[in-house]
Amino acid sequence: MNPTLIQPSQGRLPSLRLTFQYEGRKVQLISQERVKVMSPPSEILQEYKGQSGFWYEVMDSEEHVLYRRASQNPIQFDAEIFTDDPEMPIVRRKIDDPHGQFSLLVPDMPEATTLVLFSSPPEPEFAYEPAQEFARFALHRGDDKERQS
């Protein structure tokens, strides 16, 4: 087992599937669905300040981090393009109008109130700069629809 990954202290919980829509760096949470699947394990919960990359955090009402997961940035700002040039068969090109949808799976914890997205700047020349919060969303509790997956 990777020592940097930990399971939520609650053990096997249902998860929330959070679906987002984005245009550029503007992100909207468009659905929250309770599902009976395991979410990926959390990364270490200590401060990530100064780190680069993309990750998301689930927080409680006092902004304590309950869950953190690093991943590839789901917002596509560039794409691999295959060329006919044997010297450069694959190049990366900026996407002029990035838009789409993505989903994240997080543990459904009773004390969770907020999901926060962090990212380094999308421009390749700034990709290694420290990530900053760029979106924050309320997690809703209550009579959410539950679905078997």
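Here are some short exercises on this predicted model, each with a worked solution.

**Exercise 1: The overall plan**

Find how many helices and how many strands the chain has, and what pattern they follow along the sequence.

*Solution.* Start by counting elements: the chain has zero helices and twelve strands. Reading along the sequence then gives the pattern β-β-β-β-β-β-β-β-β-β-β-β. Next, look at burial: of the 149 residues, 37% count as buried. Finally, turn to contacts between residues at least 6 apart in sequence: 62% of these join residues at least 24 apart.

**Exercise 2: Getting to know Val-116**

Work out which strand holds Val-116, whether Val-116 is buried or exposed, and which residues are in contact with Val-116.

*Solution.* Step one is location: Val-116 sits in strand 10, which covers residues 114-119. Step two is burial: the cut-off for buried is under 20% relative accessible area. Val-116 has 0% relative accessibility, so Val-116 counts as buried. Step three is the surroundings. Setting aside neighbours within four places in sequence, the contacts of Val-116 are Trp-55, Tyr-56, Glu-57, Met-59, Glu-133, Ala-135 and Arg-136. Take Met-59 from that list: its C-alpha is 7.8 Å from that of Val-116, while the two residues are 57 apart in sequence.

**Exercise 3: Two aromatic pairs that start in strand 5**

Decide whether the rings of Trp-55 and Phe-118 are stacked, and which parts of the chain their pair ties together.

*Solution.* A search of the whole structure finds eight aromatic pairs. In the pair of Trp-55 and Phe-118, the ring centres are 5.3 Å apart and the planes meet at 15°, so this pair is stacked. Trp-55 belongs to strand 5 (residues 54-59) and Phe-118 to strand 10, so the pair links parts that are 63 residues apart in sequence. Both partners can be checked for burial: Trp-55 is buried at a relative accessible area of 4%, and Phe-118 counts as buried at 14% relative accessibility.

Now compare another pair, Tyr-56 with Tyr-67: this one is tilted, at 6.4 Å centre to centre with 45° between the planes. Tyr-56 is in strand 5 and Tyr-67 in strand 6 (residues 65-71), so here the pair ties together parts eleven residues apart in sequence. Tyr-56 counts as buried, at 4% relative accessibility, and Tyr-67 counts as buried too, at 0%.

**Exercise 4: An aromatic cluster**

Identify the residues that form one aromatic cluster with Phe-20, then describe where Phe-20 and Phe-102 lie.

*Solution.* The cluster is made of Phe-20, Tyr-22, Phe-102 and Phe-137. Begin with Phe-20, which is placed in strand 2 (residues 15-23) and counts as buried at 0% relative accessibility. Not counting residues up to four places away in sequence, Phe-20 touches ten residues' worth of neighbours that include Phe-102, Leu-104 and Phe-137. Phe-20 and Leu-104 are 84 residues apart in sequence, and their C-alpha atoms are 8.3 Å apart.

Move on to Phe-102, which is in strand 9 (residues 99-107) and is buried, with a relative accessible area of 8%. Leaving out residues up to four places away in sequence, the residues that Phe-102 touches include Phe-20, Tyr-22, Pro-74 and Ile-75. Phe-102 and Tyr-22 are 80 residues apart in sequence and 8.4 Å apart in space, C-alpha to C-alpha.

**Exercise 5: Charges over rings**

Find which ring has Arg-25 over its face, and which ring has Arg-68 over its face.

*Solution.* Arg-25 lies over the face of Phe-134, 4.5 Å from the ring centre. Arg-68 lies over the face of Tyr-48, 4.2 Å from the ring centre.

**Exercise 6: A backbone angle in a loop**

Say what stands out about phi of Glu-63, and where Glu-63 is found.

*Solution.* First, a general rule: most residues other than glycine have a negative phi. Phi of Glu-63 is near 65°, a positive value in a residue other than glycine. Glu-63 is found in the loop between strand 5 and strand 6, and is partly exposed with a relative accessible area of 47%.

**Exercise 7: The largest pocket**

Describe the volume and the lining of the largest pocket.

*Solution.* The volume of the largest pocket is about 320 Å³. Its lining has 15 residues, and those nearest its centre are Gln-72, Asn-73, Ile-75, Asp-78 and Pro-122. Sorted by character, the lining divides into six nonpolar, seven polar and two charged residues. Ile-75 also appeared in Exercise 4, among the residues that Phe-102 touches.

Methods. Residues numbered from 1 in each chain as written. Predicted model: local features only at pLDDT ≥ 70, side-chain atom pairs only at ≥ 80, totals over all residues. Heavy atoms only, no water. Helix = DSSP H or I, 4+ residues; strand = E, 2+ residues; numbered from the N terminus. Buried < 20%, exposed > 50% of the residue type's maximum accessible area, 1.4 Å probe, protein only. Contact = heavy atoms within 4.5 Å. Phe/Tyr/Trp six-rings, centres within 6.5 Å; stacked < 30°, edge-to-face > 60°. Lys NZ or Arg CZ within 6 Å of the ring centre and 35° of its normal. 1 Å grid on protein atoms, 1.4 Å probe; cavity = no way out; pocket = protein on both sides within 12 Å on 5 of 7 lines; lining within 4 Å. Points joined across faces, edges and corners; volume = space filled by probe spheres on them. Nonpolar A, V, L, I, M, F, W, Y, C, P; charged D, E, K, R; others polar.
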